[in-house]
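Work through the exercises below with the sequence and the coordinates at hand. Each task is followed by a solution in steps.

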2 protein chains.
Amino acid sequence: MTKELPHHHGNLREALIHAGLQLLAEGGPSALTLRRAAARAGVSHAAPAHHFDGLTGLLTAIAARAYQAFSSQMIRHREAAEPTDVARLVGVCQGYLAFAKEDSGLFHLLFVSSDVAREDAALMQASGLAYQVLRDACLPFSPLGQPDPEIEIAVWSMVHGYALLGLNLPDSPKRMIVQIPEFEVLLKRIIANPVETPLALDRDIS
Amino acid sequence: MTKELPHHHGNLREALIHAGLQLLAEGGPSALTLRRAAARAGVSHAAPAHHFDGLTGLLTAIAARAYQAFSSQMIRHREAAEPTDVARLVGVCQGYLAFAKEDSGLFHLLFVSSDVAREDAALMQASGLAYQVLRDACLPFSPLGQPDPEIEIAVWSMVHGYALLGLNLPDSPKRMIVQIPEFEVLLKRIIANPVETPLALDRDIS
DNA sequence: GGTCTTTACTTGACAGCGTCAAGATACCGG
DNA sequence: CCGGTATCTTGACGCTGTCAAGTAAAGACC
């Protein structure tokens with residue numbers, strides 16, 4: 001039987017997260033407010049306070065949920081790729097970019113919004129899992145056979161910057177004379193390059 | 001003689017931009033509101049409407065101003081660098097990162113805030129000039145001797161992503177087991193790599 | 001020099017926002 | 001059955017951006 005919402009809504013916390021995701025998908029970051037989420041969940045404007053620590057709490061919970069979708073998107077693209085190391089890493093990055101483009105509201109929440117409590121435990125765990133997908137995809141390109149932060153951060157920075165520049169400057173193709181290269185081409189510059197470059201910097205590799 | 005502010009403030013537009021920059025530097029993005037900027041400029045809360053198209057207009061004008069400081073920061077670091085092509089590009093990127101770190105409020109406005117009218121003519125001109133600094137620094141690494149969007153976008157994406165990840169995840173050094181490599185090391189991966197890589201996607205590197 | 005128009009600013013109001021305090025309601029363990 | 005507690009409602013507060021109407025000053029024109 002369908003749940004007749006009791007006046008004790010029953011599962012408000014989940015309903016609010018769901019409503020928030022919906023609002024975010026429909027109208028972007030500015031469309032998600034506490035009061036609107038409450039209204040959509042069918043409760044009064046002050047009800048969310050009993051389940052989340054203010055707006056920040058709701059946004060944080062939604063972000064943790066969004067990280068799962070983010071990870072899934074990367075994994076889905078990886079699984080759909082050819083079974084080579086390069087294709088898998090390219091796939092993960094394409095998942096990254098696809099999520100940024102298709103779920104830009106969530107992507108904004110994950111990496112941009114200043115109203116998210118980034119020290120939240122659940123959020124950090126979820127983001128760690130997402131980062132792990134990228135790490136795993138980078139592993140085959142580590143010269144030492146173990147995780148190499150240099151490649152990981154290089155790839156992560158580049159895909160992240162590529163996503164945000166394309167996201168925040170949607171007219172950049174017009175503004176720039178040149179055509180924007182595909183990400184795969186840029187990625188090759190990182191992974192194809194052996195680490196032997198004689199870097200003149202006095203850095204200790206300990 | 002000191003200007004006795006006439007009831008016709010005289011130069012309110014400039015005063016509002018100045019007040020906005022001040023608020024942004026003091027309390028971050030959330031501290032900058034139309035009413036506060038108006039109060040600090042010594043006018044009533046509705047006065048800004050005659051000089052800017054709402055809050056978006058003020059933020060856009062401030063962003064255009066901030067792009068000049070951003071360009072200056074990159075140029076300053078470039079001039080302070082050794083007179084080699086590599087050092088100059090590294091310098092420009094360090095200027096990029098220094099601006100993101102030291103003037104994070106402005107950086108947020110330039111690349112993150114959704115309340116900026118990015119199609120604004122003055123803003124696009126200012127951002128174009130900033131991008132040109134990066135382009136120029138990349139030019140020596142173009143194999144054909146003319147601007148190469150592949151290198152430009154690769155460098156821009158990576159420095160941008162590096163800045164934003166470090167900016168939005170201030171605790172990432174703790175969260176990650178590994179230490180974050182210096183940006184210069186990552187940069188070398190892009191510029192040291194000749195473009196000759198056969199970019200057949202279905203190639204495994206093994 | 002005295003109007004008259006135009007620009008610059010003020011005042012007041014409105015809806016929407018997050019948040020707090022107090023009261024009502026439904027569940028739940030004894 | 002009953003009291004306690006978690007849950008939700010109602011109402012209010014100060015803040016935000018924005019609009020409408022009124023006022024004051026500056027400049028133009030004769």
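**Exercise 1. Classify the residues of the surface near DNA strand C as nonpolar, polar or charged.**

Solution. The surface near DNA strand C holds 8 nonpolar, 13 polar and 3 charged residues. In this classification Ala, Val, Leu, Ile, Met, Phe, Trp, Tyr, Cys and Pro are nonpolar, Asp, Glu, Lys and Arg are charged, and the others, Gly among them, are polar.

Two notes apply to every exercise. The model is predicted, with local features needing pLDDT of at least 70 and side-chain atom pairs counted only at pLDDT 80 or more, while totals for chains, interfaces and linings use all residues. Residues are numbered from 1 along each chain as its sequence is written, chains are lettered from A and ligands numbered from 1 in the order in which they are written, and side-chain values use heavy atoms, with hydrogens and water left out.

**Exercise 2. Describe how the protein meets DNA strand C, from residues to atoms to elements.**

Step 1. A residue is near the strand if one of its heavy atoms lies within 4 Å of it. There are 24 residues around DNA strand C, and A:R35, B:H9, B:S44, B:H50 and B:H51 come nearest. Of the atoms of DNA strand C that come within 4 Å of the protein, 53% belong to sugar and phosphate.

Step 2. Look for polar contacts (pairs of N or O atoms within 3.5 Å; within protein, one must be able to donate a hydrogen and the other to accept it, and residues adjacent in sequence count only if both atoms are side-chain atoms). B:H51 places a polar side-chain atom 2.6 Å from a phosphate oxygen of the strand. A polar backbone atom of A:L34 is 2.9 Å from a phosphate oxygen. The side chain of B:H45 has an N or O atom 2.9 Å from a base oxygen.

Step 3. Assign elements, taking helices (H or I, at least four residues) and strands (E, at least two) as DSSP runs numbered from the N terminus. In chain A, α2 (34-40) and α3 (54-79) are the elements that give two or more residues to this surface. The largest share, 3 residues, comes from α2(A).

**Exercise 3. Which residues and elements line the largest pocket?**

Step 1. The closest to the pocket centre, of 33 lining residues, are A:S113, A:S114, A:D115, B:P29 and B:H108.

Step 2. At least two lining residues each come from α3 and α5 (104-111) of chain A and from α3 (54-79), α5 (104-111) and α7 (149-168) of chain B. With 4 residues, α5(B) gives the most.

Step 3. By class, the lining has 17 nonpolar, 13 polar and 3 charged residues.

**Exercise 4. Why is A:C93 in no disulfide with A:C138?**

Step 1. A disulfide is a pair of cysteine sulfur atoms within 2.5 Å. The whole structure has 0 disulfides over all chains.

Step 2. The closest cysteine sulfur to that of A:C93 is in A:C138, and because it is 7.0 Å away, it is too far for a bond. In chain B, the sulfur nearest to B:C138 is that of B:C93, also 7.0 Å away.

Step 3. Buried means under 20% relative accessible area, exposed over 50%, and partly exposed in between (1.4 Å probe, protein chains only). A:C93 is buried at 1%, and B:C138 is buried at 3%.

**Exercise 5. Is A:H160 buried or exposed, and which side chain does its own side chain contact?**

Step 1. A:H160 lies in α7 (residues 149-168) of chain A and is buried, with a relative accessible area of 1%.

Step 2. The side chain of A:H160 makes a polar contact of 2.8 Å with that of A:Y96.

Note on methods:
On a 1 Å grid over the protein atoms alone, a cavity is a set of points where a 1.4 Å probe fits but cannot get out, and a pocket is an open set with protein on both sides within 12 Å along at least five of seven lines; lining residues have an atom within 4 Å of a point.
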